[in-house]
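Reader: Hello! I am new to this structure, and I would like a close look at a single helix and what lies around it. Could you walk me through it?

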Amino acid sequence: MTSRSPSRPSRHSSKRSSRRSRTGLAWALPLWALPICAVLAANALPTLAHAQNADAQALRTRALAATCAQCHGTDGRVASGAALPGLAGLPAPYFTEQMAAFKAGARPATVMHQLAKGFNDAQIAQLAAYFAASSQ
Ligand code: HEC
């Protein structure tokens, strides 16, 4: 009753032929998309690299600032009434000036004249921006 006609292709062979045509399409797509991908990548890569550099720089600055936390509190925030001054919210020019004064010995200090000598101008500028942006 349900006998197959001999001319009908077997399941196996029909599957194979449809797979072959799908594969053909899959290969065709990347070929025409290649120039578009190249343009997209060329535009996106510098942005990505820039974002990664910015992240790495932000991490380095946080690591520098963390060395101050022991005395000046996390992110420069001290408890009210603390013996040491907080750094959070200090204006960047004031901060930079104080660090330079510590370095030069122009501002008398118990610790900071030694500590400040360990940082170059670029690091002090990064710290100044970091603490200026940290809310009290
Ligand atoms: C071991 C404790 C200690 C550490 C760590 C420390 N400081 Fe200080 N800091 C002081 C003390 C104490 C003073 C007050 C001046 C003095 O006697 O040295 C001070 C003062 C300052 C001042 C002046 C604040 C003001 O209101 O005038 C700045 C700016 C400063 N520190 C920045 C830093 C930075 C940036 C770091 C981290 C890189 C740091 N300090 C790490 C102890 C420390």
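Author: With pleasure; what follows starts with the whole protein and then turns to α2, its neighbours and the ligand.

First, two notes on reading the model. Residues are numbered from 1 along each chain as its sequence is written. The model is predicted: local features need pLDDT of at least 70, side-chain atom pairs count only at pLDDT 80 or more, and totals for chains, interfaces and linings use all residues. Here pLDDT is the predictor's confidence in each residue, from 0 to 100. The mean for the protein is 83, and 74% of its residues reach 70 or more. Confidence is highest in α2, at a mean of 98, and lowest in α1, at 75. Where pLDDT is low, the predicted coordinates should not be read in detail.

Now the layout. From the N terminus on, the elements run α-α-α-α, with 4 helices and 0 strands. Helices (H or I, at least four residues) and strands (E, at least two) are DSSP runs, numbered from the N terminus. Of the 136 residues in the protein, 8% are buried. A residue is buried if 20 or more other C-beta atoms lie within 10 Å of its own, exposed if 12 or fewer, and partly exposed in between, with C-beta atoms placed from the backbone.

Before α2 comes the loop that follows α1. D75 is found in this loop and has a positive phi of about 55° although it is not a glycine. D75 counts as partly exposed because it has 19 C-beta neighbours inside 10 Å. P85 belongs to the loop between α1 and α2 too, and its 12 C-beta neighbours inside 10 Å are why P85 counts as exposed.

Then comes α2 itself, covering residues 92–104. Its 13 residues should span 18 Å at 1.5 Å a residue, and its end C-alpha atoms are 18 Å apart, which agrees; the expected span is 1.5 Å times one less than the number of residues. The buried residues of α2 are F95, Q98, M99 and F102. Seen down the axis of α2, these buried residues fall within an arc of 100°, so they line one face of the helix. That arc is taken from the directions from the helix axis to the C-beta atoms. An α-helix has 3.6 residues a turn, so residues three or four places apart point the same way. The buried residues of α2 pack against α3 and α4 (121–133). On the face turned away from the buried side sit the exposed residues P93 and A104.

Just after α2, G105 takes a positive phi of about 80°. G105 lies in the loop between α2 and α3 and counts as exposed because it has 11 C-beta neighbours inside 10 Å.

Finally, α2 takes part in the shell around the ligand: α1 (11–72), α2 and α3 (112–115) each supply at least two residues. A residue belongs near a molecule if its C-beta atom, placed from the backbone, lies within 6 Å of it. There are 17 residues surrounding the ligand, and the closest are C68, C71, A109, T110 and M112. α1 gives the most to this shell, with 5 residues. The shell divides into 12 nonpolar, 5 polar and no charged residues; Ala, Val, Leu, Ile, Met, Phe, Trp, Tyr, Cys and Pro count as nonpolar, Asp, Glu, Lys and Arg as charged, and the others, Gly among them, as polar.

Definitions and conventions
Two residues are in contact if their C-beta atoms, placed from the backbone, lie within 7 Å.
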